[in-house]
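User: I am new to this structure and would be grateful for a guided reading, one point at a time.

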Amino acid sequence: MALAGLSVSAQAQSIAAAGVSVGVTVYGPQGNEVGKVERIDGDIVTINTGKNAAALNGASFAKGANGPVIGYTKAQLDEAIEAANQQAKAKLDAALVAGNALRGADGVSVGTIKTVNEDGTIVIDGSSQTFSLNRDLFSADDQGPVLRITSQQLQDALAKTAAAPAS
């Protein structure tokens, strides 16, 4: 996989060269603390500002006097994350509508939205049964609502639920 003309191993080397590692403090352009590195997944570095978490491309980091530096202040990064979250929520609200087709994270159809309840549960008419899921299991893309799990993971979970003894 190439990103911005760099291979993943070159990207990892550039992350290391910038001094990025889990637990390290990341600084903004004026030298103020932005947050701590929470996770590194290949060329994606997750920074926790204390208020939000952001996944940034490894190319976003440079070596600074005190440690890794990014082009955002803490306030700017928090603002960007919150704006992106609001955009994602609005997109999800628009997609979670009765009658819309629903896909798993693998793109496979899993049913149609039957109702969206005020308590945050979404009732789905699946191919073999009707079931409900919490809103936090959904996202949306340009094609509509998507589960954050694959269709197989959903089928496995539904099978376990059906097999569980009633209490």
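Analyst: One definition is required at the outset: a residue is buried under 20% relative accessible area, exposed over 50%, and partly exposed in between. Please also note that this is a predicted model.

User: At 44% relative accessibility, how does Asp-41 count?

Analyst: Exposed residues lie over 50% and buried ones under 20%. Because its relative accessibility is 44%, Asp-41 counts as partly exposed.

User: With which side chain does Asp-41 meet in a salt bridge?

Analyst: The N to O distance of this salt bridge is 2.7 Å. At 48% relative accessibility, the partner counts as partly exposed. The side chain that meets Asp-41 is that of Arg-39.

User: Which elements give two or more residues to the largest nonpolar core?

Analyst: The largest nonpolar core has 14 residues, and those touching the most other members include Val-20, Val-45, Phe-61 and Leu-77. Leaving aside neighbours within four places in sequence, Val-45 is in contact with residues including Ile-15, Val-37, Ala-54 and Phe-61. The elements giving two or more residues to this core are β4 (33–41), β5 (44–48), β6 (53–57) and α2 (74–95).

User: How many residues are in the other core, which lies apart from it?

Analyst: Among the members of this other core are Ile-124, Phe-131, Phe-138 and Leu-154. Its number of residues is 13.

User: In which sense do β4 and β5 pair?

Analyst: The two strands are joined over 5 bridges, and Lys-36 stands opposite Asn-48 in β5. Their hairpin has 2 residues between the strands, with Gly-42 taking a positive phi near 65 degrees. The sense in which β4 and β5 pair is antiparallel.

User: Which residue in the turn between β5 and β6 has a positive phi?

Analyst: β5 and β6 run antiparallel and are joined by 5 bridges; Thr-46 has Ala-55 in β6 as its bridge partner. The hairpin they form has 4 residues between the strands. The turn residue with a positive phi, of about 100 degrees, is Gly-50.

User: How far apart are the end C-alpha atoms of α2, and what span should its 22 residues have?

Analyst: At 1.5 Å a residue, the 22 residues of α2 should span 32 Å. The distance between the end C-alpha atoms agrees with that expectation, being 31 Å.

User: Within what arc do the buried residues of α2 fall?

Analyst: The buried residues of α2 are Leu-77, Asp-78, Ile-81, Leu-92 and Ala-95. Seen down the helix axis, they line one face, because they fall within an arc of 115 degrees.

User: Against which elements do those buried residues of α2 pack?

Analyst: The face of α2 turned away from its buried side carries exposed residues, including Glu-79 and Gln-86. The buried residues of α2, by contrast, pack against β4, β6, β10 (109–116), β13 (138–141) and β14 (144–147).

User: With which residue does Glu-82 form a salt bridge?

Analyst: The closest N and O atoms of the pair are 3.3 Å apart. Glu-82 lies in helix α2 and its partner in the loop between β5 and β6, so the pair ties together parts that are 31 residues apart in sequence. At 57% relative accessible area the partner is exposed. The residue that forms a salt bridge with Glu-82 is Lys-51.

User: Which residue forms a salt bridge with Lys-91?

Analyst: The pair links Lys-91 in helix α2 to the loop between β13 and β14, 51 residues apart. Their closest N and O atoms are 2.9 Å apart. The partner of Lys-91 is Asp-142.

Note on methods:
Residues are numbered from 1 along each chain as its sequence is written. This is a predicted model: local features need pLDDT of at least 70, side-chain atom pairs count only at pLDDT 80 or more; totals for chains, interfaces and linings use all residues. Side-chain values use heavy atoms; hydrogens and water are left out. A nonpolar core is a set of buried Ala, Val, Leu, Ile, Met, Phe, Trp, Tyr and Cys residues joined through side-chain atoms within 4.5 Å. Buried means under 20% relative accessible area, exposed over 50%, partly exposed in between (1.4 Å probe, protein chains only). Contact means heavy atoms within 4.5 Å. The expected span of a helix is 1.5 Å times one less than its number of residues. The arc is that of the directions from the helix axis to the C-beta atoms. Two strands pair if DSSP finds at least two bridges between them. A salt bridge is a side-chain nitrogen of Lys or Arg within 4 Å of a carboxyl oxygen of Asp or Glu.
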